[in-house]
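Q: Could you take a close look at one part of this structure for me? Start with a single side chain and its surroundings, then work outwards from there.

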Amino acid sequence: MTILTPFAQTSGEISVITIEQAKKTETIKDKKDGRDLVSFSGSVVLTIDKGKTHINIKADQVNFDRERNMLYASGNVYMEETDESDALKQMKGTSLLLNTNSLEGVFDQTKLKQTQTSYSSGTENSVMVLSAKLFSRDDSGVVAFKKSQLTFCEDENPHWKIKASRAWLLPGGEFSFLNALLYVGHVPVAYLPFFYYPKDEMIFHPAFGYRPRVGYYTQTTTYLIGRKPLPSATESEGYFNLSTTNRLMEQRREGLFLRNLDTPLPLSKQSGDYLKVLGDIYTNLGVMYGLDGSFVPQDSIFSSIKFSTLMGFSRNLYFTEADALYSPYNKAGLSEWNKSAFAGVKMPFRYYGNLAFDTNTSPFRLSVSLPVYSDPFFNSDFMNRREDMNWLNFLTEPGVTRATEEDKEKDSEIDSFNWKINGSWSPKLSKVSPYFNFSITSFRSQVDFQSKNAKNPNPVSPDRKFFYPSKVVPFEIYTSFSGTLFQYPVLEKTTEKTKPPIPELEKPEFFVKQEEPKSEGTIVPTFPMLSVPSLSMRDVEPFTFKVTYSATPGFTSLYTYSANAWATPYESSWDQYMSSFISASGKANLKEEAAFYGGVFGLSHGYTLNTMYQKHPSISEKYYPTERSRDNITLSDYKARKMDLTETGSFSIKPFVFTKYFFNTGIFYNIEKNLIKTEFIGTVKDPLWELKKFEDKRENYNSHELTLTLAADEKSHSQKLSLRYSLPPLLPSRKVSADFVFPGLSTHMESGMAIESEDDTKWKYLPFIESSNATLFNNSLTLNQTYKYEIEKKHHEYVTASLGYKGFGVDFSSMYTTGYTFSYTKGWQHDQNEILRPYQLTFKYNSPDKTFKFWHNRVLVVPRIKTIIAFDLLRPPLSYLTFDTEIEMKVSEFTSFSFASESRNDVIFRYFQEGLNYEPQIPGETDFMTDLLNSFAFGNKYLRRQSGFKLKSLSMAMIHNLDDWNVSSKMTISPRLIEEENSSHYDYSPYFTFSVIWKPVSGLKATITDEYGDVKLNNK
C-alpha cells in the first residue's frame, strides 16, 4: 500500500509512504482528539521516500495520522536512512514520532549508527555510534541528543567513548558537545565543557603554524573563482575521519563561512579552474600577497592558462645563538627590509610571477612559459604554504625543528629557470598533397637564467644570490618540406566506398511463412546462411614506382653571457654578452622506390645532402682577451661547416611475400657511399675547404652489405637464419646469426669471419655468442644461459647459467681470467695464467608467503626464509652465507607479532678446507653443526666469539589493534662498531620505537623513539 502525504504536494516534493509488510491493518480513533488513525501492527515494515532521502522503518506497531502527516512507531523500532551524501544512518529505540512531510521527529532510548562511505582507494568507511535517552531532529537536519554517548567503536563495550549532557549532529557531518567526558575504557581522561568541530570552511581558508625561522604565521587563501580542492590522503591525516569528506559537496556562503551541504557537487559543476587571492603574515619574516589563477577554457583558442603575481615584503633574519632563535633585528635593533631588482631597477619588495598558456588552434600551436623570481629563496620563504588547517596537529605536535627547516629551505632553493616560447605550424594542403607538404616543425625563443653569488653579499639577505641570463636564443626555427614528384600508378581521388550489390534470391517454398492458427508470440521467418565468395578488395600491381623528396632546413641564433658580467642584482648588463652565434643547417633527400609484383622485387635509390653553416659574428675581447682563444672559436666554426652528399641504394628479393609463413624470407642488398665530403684544410687567417669527390676507396663507403635471410614466422614460434656479407671495397666479413623462438624457449646465436685491417689480410674468426632462455611448467621453472667463445684466441670467454624453481635458485658463472694465490705478507696475488675458470656458484632460496591457520582461522602464521650461499670459486675463503628469517603471527582482529633475524657467515669455507687441502687455512671450528651450536653457547663466551655464524640484527615488532587505536612497537638490535681515538668497541644498544595512534584522530598520536640510548618523544 502506498500513501502520498497531501501537505508535501504543496511544497513541490512528495513524501511517498509504502507499507511493505503488516499482519494487521485497521482504522482507529485517537483517544485525545478523536482523529482517524491508520494503525498497522505485527512486524510492520514501511518505507518513506522524499526526494533523494530514503527511510526504512521496522516496528511492532505503527499509527499514522494522514491529516497531520504524523507517524508514531513503537516496540523494537528500527530506522535506516540514506540520502545523496551516501551516509547511512541506523537507529534503534523504543518509540519514534516522525513528521513524514518535514522529516522532523523524536526518538526515545535511541542508538544511532552512521556510516560514511569512502571514495578513496585504500580508505575504510567511517562509522560513528551515538546512543542517547532522547533524540530529536528538526526540519533543517539538526539532530539533538540528551544524555548521549559517542564512539567510533562498534564493540558493545567500546574502548573509548565520549559522554555528554547534550550532543548535536549537524548537517554536513559537524558535531558538538556540552559538558562532555572522554573515557578510555571506564577511566575518564579528559573533560570538555564545550566542544565544536566545524566542517565548514572560512572563505579565506586560514592556516596557522610556526617555523623557527619565519616565526608564527597565518596563511590565507580566498577563492574568487573555483574552490579549494579536496585534501590529499597525507594532508587529511589528523582530522576526525568521520568529519572529513573525500568528495566535493555543495556549499552555501553564510557570512565568512562556506557551509557544506549534504548534496554532493555534480560532476558537471566540478572544475579545476580557479582564481585565488593569497595573503600571508609571518611574525619574523614579513608579509606576502598576490594572485594565482589556472583555467582550462572551453571553446577557446587556449587549451590552458596559468598566471601568478606574488609580492613579498620581508626582512633579514639573524640567528641568535644565545636563545637559539631567529630575530628580525640587527645588532643596532633595526629591521633591514629586503629589496630586489627587475631589469636593474630597484623594487621595495621581492616577487614571483608567471604567465603560461597553450593554444588549442589547429594547425598552429603555441606554448608560452614566462616565470620570474626576484631571488632563489622566494619559494623556500613564501611558497611553503597550506590551505587546510589541522588544529589537532597544531595543538598536540611539536613545531618544525631548525635543522628540518634549513634542510627544506635548501631543497626549495631555485637554481635556474627559463623563459620559453615555442610552437609549430602544420597547415593542411589537401589540394596539393601529396605532391607538396610544408610544416614548421618547431620554432622557439628562450632565455635561460642561472643563479650566482653576489659580490660582497650580506650572508642573511636574499639578494646574496640572484639570477643572471646565461643564454639567450632570440629565434630558432626548423621547417619541413616533403612530397611526391611522380608516382605510378597515378593517385586517384578517393571516392566513397559502395557495397557490392546483393542479388535477390528466390525463397524456396519451405522457407516461406505458412499461415498458422493464432498463437502467443510472433513467428519470424529464418533463412539459411549462404556461402558467397568475398570480392577482392585490390589486385596486385605488377609495377609501382614513385619519386619522393624531403628537406628539413633550420636556423638558430644564440647569445651567451658570463656570470662575471653581473656583480650584483641591481646591475643591467644585457649588452655585455660573451659571444653571438648563428647557424643554418639542412638535410635534403631525393628518393626513388620501385616494387614489382607487390614487393617480390624491391628497389630504392636516393641522395642525401647534409649542410651546415655556423659562425660567431661577435666575440667579446673582454671575456676572450687573447687572440688565440678567439681564433679557436673561429676555427671550430670553420671545421663545422660542411656540404656532404651521400648516395644510398638497396635491392630486395622476397619470393615468398604472399605466403603465410615465409613472407620475411629474401635477399637484401644495401649500399651507402659519400659522393662529396667537405674537409677544412685552411687556417684561421686563410680559410679554405676542399670538396672531396667520390673515389672508389674504402673510406668513402659507409656500408656495403648483402644479406640472405631465411625466415619462418608463425603465431607461437619463429625461426630466422641470416647471412651477412660485407662487399668490397670494405674489409671483407662474413657474419651469420640464427634466432629460434618456440613456446617456452628462445635462442640466439651469432658468429662469423672478418679481415680486420689492410696490413693483415688474414681472415679472423669473430666471437661465437649464444644466449638461451626457457620457461617451463607454466613459468614456474626458468632457465637462462649465455656463452661466448673467442674462436680466434681459442678460448672460452665466459659461461653463465641460472636455474629457478618456486623460490629456489642456482647461479653459476665461469670467466676467462687469472687465478689467485695467497701470500701471508702481500695478500691475494694474480698467478698470470689466464684460462676459463669457475668464477662463482650461488645457491639461494626465497620462500613464498604461505599462511598457516589455527584455532578456527583466528590465528594466522606466516613464516619467511631467505638465504644465499655464495661460493667464490677463485678465492674460496671469501665464500659466505646469509640467512634471514621472519615469522609473523596474526591474531584475528586483535594483534600481530613478527620476529626477524639476519645472520651471516663469512668463513663457511673452513668446513670444507681439510678435504680440499687448500691454503691458506682458516682457523676455527671445521665442523658445520658444531660451529652452528657454538653460536648458541650462551654459557661460553669464547665459543660464541669463535663461531662463524654471526647475528647481524634481531628485530621484534608488534601491532595491537584496539578498534579505534593502534599500538605499535619495534625493537632492533644490531651491533655497531664505535671507533674512538685510541680504541674501538661494539655497541649493542637497541633501536626502539613505540607509538600510539587514535584512528578517528590520526593526528592524535604519540611516538617514543630510543635511538641507541637517545630517547625522543614524537620523533618524526
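A: The side chain of Asn 99 reaches the backbone nitrogen of Asn 101 at 2.8 Å. That's in a predicted model, so treat the distance as a computed one. Asn 99 sits in strand E7, and it counts as buried because its relative accessibility is 16%, below the 20% cut-off. Leaving out residues up to four places away in sequence, Asn 99 touches Arg 68, Asn 69, Met 70 and Glu 104.

Strand E7 (87-99) also turns up around the largest cavity, where it is one of the elements giving two or more residues to the lining; the others are strand E6 (70-82), strand E8 (105-116) and strand E9 (126-137). E7 gives the most, with 4 residues. The volume of this cavity is about 80 Å³. Its lining has 14 residues, and the closest to the centre are Met 79, Glu 81, Leu 103, Phe 135 and Arg 137. By type, the lining splits into 10 nonpolar, 1 polar and 3 charged residues.

A search of the whole structure finds 2 cavities of 30 Å³ or more. The second largest has a volume of about 60 Å³. Lining it are 13 residues, with Arg 213, Arg 350, Asp 381, Val 460 and Pro 462 nearest its centre. Here the split is 5 nonpolar, 3 polar and 5 charged.

Now for the backbone, where a few spots deserve a look. Asp 299 isn't a glycine, yet it has a positive phi of about 55°. You'll find Asp 299 in the loop between strand E20 (286-295) and strand E21 (302-314), and it counts as exposed because its relative accessible area is 86%. Trp 855 is another non-glycine residue with a positive phi, near 50°. Trp 855 lies in the loop between strand E50 (852-854) and strand E51 (859-872), and with a relative accessible area of 57% it is exposed too.

There are cis peptide bonds to check as well. One joins Tyr 488 and Pro 489, with omega at about -5°; Pro 489 is in the loop between strand E31 (465-488) and strand E32 (543-551). Another joins Pro 728 and Pro 729, with omega at about 10°, and Pro 729 belongs to the loop between E40 and strand E41 (733-742).

Strand E40 (residues 718-726) is also home to Leu 723. Leu 723 is partly exposed, at 28% relative accessible area. Thr 709 is 14 residues away from Leu 723 in sequence, and their C-alpha atoms are 6.5 Å apart. Not counting residues up to four places away in sequence, Leu 723 touches Leu 706, Thr 707, Leu 708, Lys 735 and Val 736.

For a helix, try H5 (residues 627-640): its 14 residues reach 20 Å from first C-alpha to last, close to the 20 Å expected at 1.5 Å a residue. Ser 629, Arg 630, Ile 633, Asp 637 and Tyr 638 are buried in H5. The buried residues of H5 pack against strands E34 (579-596), E35 (601-615), E37 (666-680) and E38 (689-693).

Zooming right out, the protein has 8 helices and 60 strands. Of its 1020 residues, 35% are buried. Among contacts between residues at least 6 apart in sequence, 51% join residues at least 24 apart.

Technical notes: Residues are numbered from 1 along each chain as its sequence is written. This is a predicted model: local features need pLDDT of at least 70, side-chain atom pairs count only at pLDDT 80 or more; totals for chains, interfaces and linings use all residues. Side-chain values use heavy atoms; hydrogens and water are left out. On a 1 Å grid over the protein atoms alone, a cavity is a set of points where a 1.4 Å probe fits but cannot get out, and a pocket is an open set with protein on both sides within 12 Å along at least five of seven lines; lining residues have an atom within 4 Å of a point. Grid points are joined across faces, edges and corners, and a volume is the space filled by probe spheres set on the points. Ala, Val, Leu, Ile, Met, Phe, Trp, Tyr, Cys and Pro count as nonpolar, Asp, Glu, Lys and Arg as charged, and the others, Gly among them, as polar. The expected span of a helix is 1.5 Å times one less than its number of residues. Buried means under 20% relative accessible area, exposed over 50%, partly exposed in between (1.4 Å probe, protein chains only). Contact means heavy atoms within 4.5 Å. A polar contact is a pair of N or O atoms within 3.5 Å; within protein, one must be able to donate a hydrogen and the other to accept it, and residues adjacent in sequence count only if both atoms are side-chain atoms.
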